[in-house]
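Here's a quick briefing for anyone meeting this structure for the first time. Have a look at it below, then we'll walk through a sheet, some helix packing and the cysteines.

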Amino acid sequence: MKLKDMSLAPIQGKVVLLRADLNVQMVDGVVTDTFRIDQIIPTIKSLISRGAKVVVISHLGRPNGRDESLTLKPIAPLLSERLGTSVPFVNDCIGPVVDAEILKLNPGNVILLENLRFYAGEEANDPEFAKQLALNCDIFVNDAFATAHRAHASTYGVTQILPSYAGLLMHAEVNALSSIFDNPKKPVLAIIAGSKVSTKIDVLKNLIKSVNSMIIDGAMGTTFCYAMGYAVGDSLYEPTMKETALEIMELAKQYGCELILPVDKTIAKKYAPESDPIFRDMNKIEPDDVILDAGPISTERQLAAIDKSKMVIWNGTVGMAEWANFSRGSFAIANHLAEQTKMGKIESICGGGDTVAAINATNTMNDMTYVSTAGGAFLEFVEGKKLPGVEALREVE
């Protein structure tokens with residue numbers, strides 16, 4: 001997929017409206033995870049090095065109107081620190097105050113505007129709101145792949161008004177995910193985990209046609225075990241997805257994709273982080289068992305599957321990785337993927353909020369081939385869906 005390249009845009013002295021994804025984790029007004037901030041820095045540096053005046057826009061959370069707990073203000077100092085230049089914060093994203101600040105910009109200046117979602121027009125893709133965002137700007141650059149699956153005013157509406165280009169991160173995301181289908185290094189393994197089969201049906205069905213093997217675990221794996229007739233105790237699973245799970249298993253047979261499903265689990269007697277982990281074979285799960293992680297035998301099978309592969313796509317943790325007692329399976333995958341990637345044996349493409357958190361917790365971020373900033377957009381791209389924010393940046397061939 002070829003996207004319009006911002007390096008070809010005439011941006012010297014121009015005002016560039018830059019859609020970033022600064023939807024970061026924040027606790028009491030303090031940013032606790034800077035991954036998405038760090039990922040946008042190369043694009044901003046490239047723009048200011050070419051004499052652009054950069055206006056950064058983003059959303060944060062899901063506010064219902066103006067909500068000061070979801071202001072982007074705490075992010076401005078972090079941008080300033082990483083760019084080595086002052087990034088003033090503007091307490092709105094449209095209106096006369098914003099217009100005045102934009103008109104004062106000099107080449108190489110950067111400002112950060114307030115949360116787009118303080119206005120209902122953002123998610124509604126309101127043409128009037130898009131016009132106000134584009135006012136006094138010359139060029140639009142979208143570097144927020146994580147929001148590209150939404151046709152919002154800042155991801156789609158402004159592309160109908162301004163000449164629009166893909167940022168460096170957008171190119172990297174699309175290229176990495178496209179490689180899964182366009183130029184995969186076989187054999188390809190997909191690790192798809194997390195809580196719900198229902199949210200990943202299309203991902204599973206689409207990937208099964210393209211990969212050689214697939215690990216399904218986490219609560220999703222528990223649902224598959226239930227479909228096969230195993231007792232699952234007092235655990236999270238989706239009984240209504242039994243027939244879907246069986247259908248996916250049949251589809252895997254048709255396409256010659258090896259499904260690697262759980263054979264044991266790590267359980268507890270109550271759903272709590274301090275619970276003691278107990279290892280249990282799938283055919284020995286008791287009625288009051290709560291499944292909270294992959295079991296050691298399943299984990300060994302999963303690591304062996306990684307060893308047999310040359311490309312691995314990972315989305316979703318195999319247990320409650322945020323709880324130390326039940327992080328073993330997810331952390332083992334993260335560490336093994338990183339080790340095999342560093343040795344040049346595999347390409348690892350990872351995405352999704354919980355997955356990234358596990359990678360951060362194991363300090364393996366820099367060892368993976370590619371870690372996506374996206375969750376929903378990652379999944380929808382892998383499903384084979386067209387993302388409005390990406391389609392708007394396609395180069396006409």
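Let's start with one pair of residues: I215 has I260, in strand 11, as its bridge partner. Keep in mind that this is a predicted model. From that pair we can work outwards to the rest of the sheet.

**The sheet**
- Strand 10 (residues 213-216) and strand 11 run parallel, and three bridges join them.
- Both belong to an open sheet of six strands, ordered 11-10-9-15-16-17, with parallel pairing.
- At the edges sit strand 11 (258-260) and strand 17 (370-371), each of which pairs on one side only.

**Helix 13 and its neighbours**
- Helix 13 lies across two strands of the sheet, strand 15 (311-315) and strand 16 (347-350), and runs at about 130° to strand 15.
- Helix 13 (residues 376-383) also packs with helix 6 (residues 168-182), at an angle of about 35° and with the axes 10 Å apart.
- The crossing of helix 6 with helix 13 is right-handed.
- On the helix 6 side, V174, L177, S178, I180 and F181 make the contact, meeting F378, F381 and V382 of helix 13.
- Sorted by class, that contact has seven nonpolar residues, one polar and no charged ones.

**The cysteines**
- How many disulfides are there? The count is zero.
- C93 is left unpaired because its sulfur is 12 Å from the closest cysteine sulfur, in C137, which is too far for a bond.
- C93 counts as buried, at 2% relative accessibility.
- C257 isn't in a disulfide either: the nearest cysteine sulfur, in C225, is 16 Å away.
- C257 counts as buried too, with 5% relative accessibility.

Key
Residues numbered from 1 in each chain as written. Predicted model: local features only at pLDDT ≥ 70, side-chain atom pairs only at ≥ 80, totals over all residues. Heavy atoms only, no water. Axes fitted to C-alpha atoms, helices over the stretch in contact; angles between N-to-C directions. Helix = DSSP H or I, 4+ residues; strand = E, 2+ residues; numbered from the N terminus. Left-handed = near helix turned anticlockwise from the far one by under 90°. Contact = heavy atoms within 4.5 Å. Nonpolar A, V, L, I, M, F, W, Y, C, P; charged D, E, K, R; others polar. Pairing = 2+ DSSP bridges. Disulfide = S-S within 2.5 Å. Buried < 20%, exposed > 50% of the residue type's maximum accessible area, 1.4 Å probe, protein only.
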